[in-house]
Amino acid sequence: MHMRPERLGPEAGAGAGSNVPAGGRLRTLAAGLLLGMLVCACANDSVRDRDVHPPPPPVDRNATSAAALNDDLQLLQRLAQGAPAEQAEIVAAAQRDYETAPTPSRQLRFALVLADPGHPATDLPRAQRLLRELMANPEMLLSGERALAFLELQQIDDHLTLEAENRRLQGDAVRADRERQSTVNRRLQLETDENARLRKELEEARAKLDAIANIERSLNERKPSNEGPQP
């Protein structure tokens, strides 16, 4: 007997042997399509953002360092060649910038200004302290600034060392001169005292001699004459 094939329902079209209901598979497919659309949209937005806002060019630290070094050297040249009023203005501006925002670059610039010997506000000890603070963390400076700070600190150290040595030598010379003068004065005083003693003894000896002479003269005057008249 030929049997008529059984009509399959909507569930059979979803795949034979599948345990997932057709409605669930559709929802899963729709979710996948939605997720894919979102990913594509995000990718397109990223592409558009790159087109609208291109990434900034990389920072050329060498060029930045050279520019900062050039600015510092030009400032020092202006300070060395300027009139007293301009020099005072440069020093005040450098100090104001440093105290307002003490960045490593501004601290270096202020130290360089203080280390310059061509103006009344020169302060080598303070410049030395500022530079030593910077060299304690040299990575905070640009390469050119770091080299300039190192060289300037060496020069200041050498200069202050020489000044201290000169002061010591001058002090030693002054003390030696004072000691020599004191020795000479003591010797002169001893000689003066000795001369006074000898002068006093001489005067006493003269007085004794005069007294003896007076006594002899008095005795001679009182001595009777033994010579009588001749027969």
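**Salt bridges and buried residues in a six-helix model**

E86 pairs up with R78 in a salt bridge, with the closest N and O atoms 3.7 Å apart; the term stands for a side-chain nitrogen of Lys or Arg within 4 Å of a carboxyl oxygen of Asp or Glu. The model is a predicted one, in which local features need pLDDT of at least 70 and side-chain atom pairs count only at pLDDT 80 or more, while totals for chains, interfaces and linings use all residues. Residues are numbered from 1 along each chain as its sequence is written, and side-chain values use heavy atoms, with hydrogens and water left out.

Now for the overall picture. The protein has six helices and zero strands, so that from the N terminus on its elements read α-α-α-α-α-α. Helices and strands here are DSSP runs, numbered from the N terminus (H or I with at least four residues for a helix, E with at least two for a strand). Of the 231 residues in the protein, 17% are buried. Buried means under 20% relative accessible area, exposed means over 50%, and partly exposed is what lies in between (1.4 Å probe, protein chains only). The accessible surface of the protein adds up to about 18,300 Å², and 57% of that belongs to carbon and sulfur atoms; such areas come from the Shrake-Rupley method with a 1.4 Å probe, and for residues only the protein chains shown count as cover. Among the contacts with a separation of 6 or more, 53% are between residues 24 or more positions apart, a contact being heavy atoms within 4.5 Å.

Back to the charged pairs. Side chains of opposite charge can pair when their charged atoms come close. The structure holds 10 salt bridges. In the E86 and R78 pair, E86 is partly exposed at 32% relative accessible area, and R78 is partly exposed too, at 43%. Another salt bridge joins R175 to D172, with the closest N and O atoms 2.1 Å apart. Both R175 and D172 sit in helix 6 (residues 143-222), three residues apart, or about one turn of the helix. R175 is partly exposed, with a relative accessible area of 42%, and D172 is partly exposed at 28%. This pair also belongs to a network of salt bridges that links E165, R168, D172 and R175.

Further along, the side chains of R197 and E194 meet in a salt bridge at 2.3 Å, N to O. R197 and E194 are three residues apart in helix 6, so about one helical turn separates them. Partly exposed is the label for R197, at 37% relative accessible area, and for E194, at 34%.

Helix 3 (residues 84-100) has 17 residues, which should span 24 Å at 1.5 Å a residue, and its end C-alpha atoms are indeed 24 Å apart. The expected span is 1.5 Å times one less than the number of residues. The buried residues of helix 3 are Q87, I90, V91, A94 and Y98. They cover an arc of only 95 degrees around the axis, so they lie on the same side of helix 3; the arc is that of the directions from the helix axis to the C-beta atoms. The face turned away from this buried side carries the exposed residues A85, E89, E99 and T100.

Helix 4 (residues 104-115) has 12 residues and reaches 16 Å from its first C-alpha to its last, close to the 16 Å expected at 1.5 Å a residue. Its buried residues are Q107, L108, F110, A111, L112, V113, L114 and A115. Q107, placed in helix 4, counts as buried at 9% relative accessibility. Leaving aside residues up to four places away in sequence, Q107 touches Y98, L130, E133 and L134.

Last comes H119, found in the loop between helix 4 and helix 5 (124-136). H119 is buried, with a relative accessible area of 7%. Not counting residues up to four places away in sequence, H119 touches L79, Q87, V91 and V113. H119 and V91 are 28 residues apart along the chain, and their C-alpha atoms are separated by 9.2 Å. The side chain of H119 also reaches the backbone oxygen of D116 at 3.2 Å.

Notes. Polar contact = N/O pair within 3.5 Å; in protein donor to acceptor, adjacent residues only side chain to side chain.
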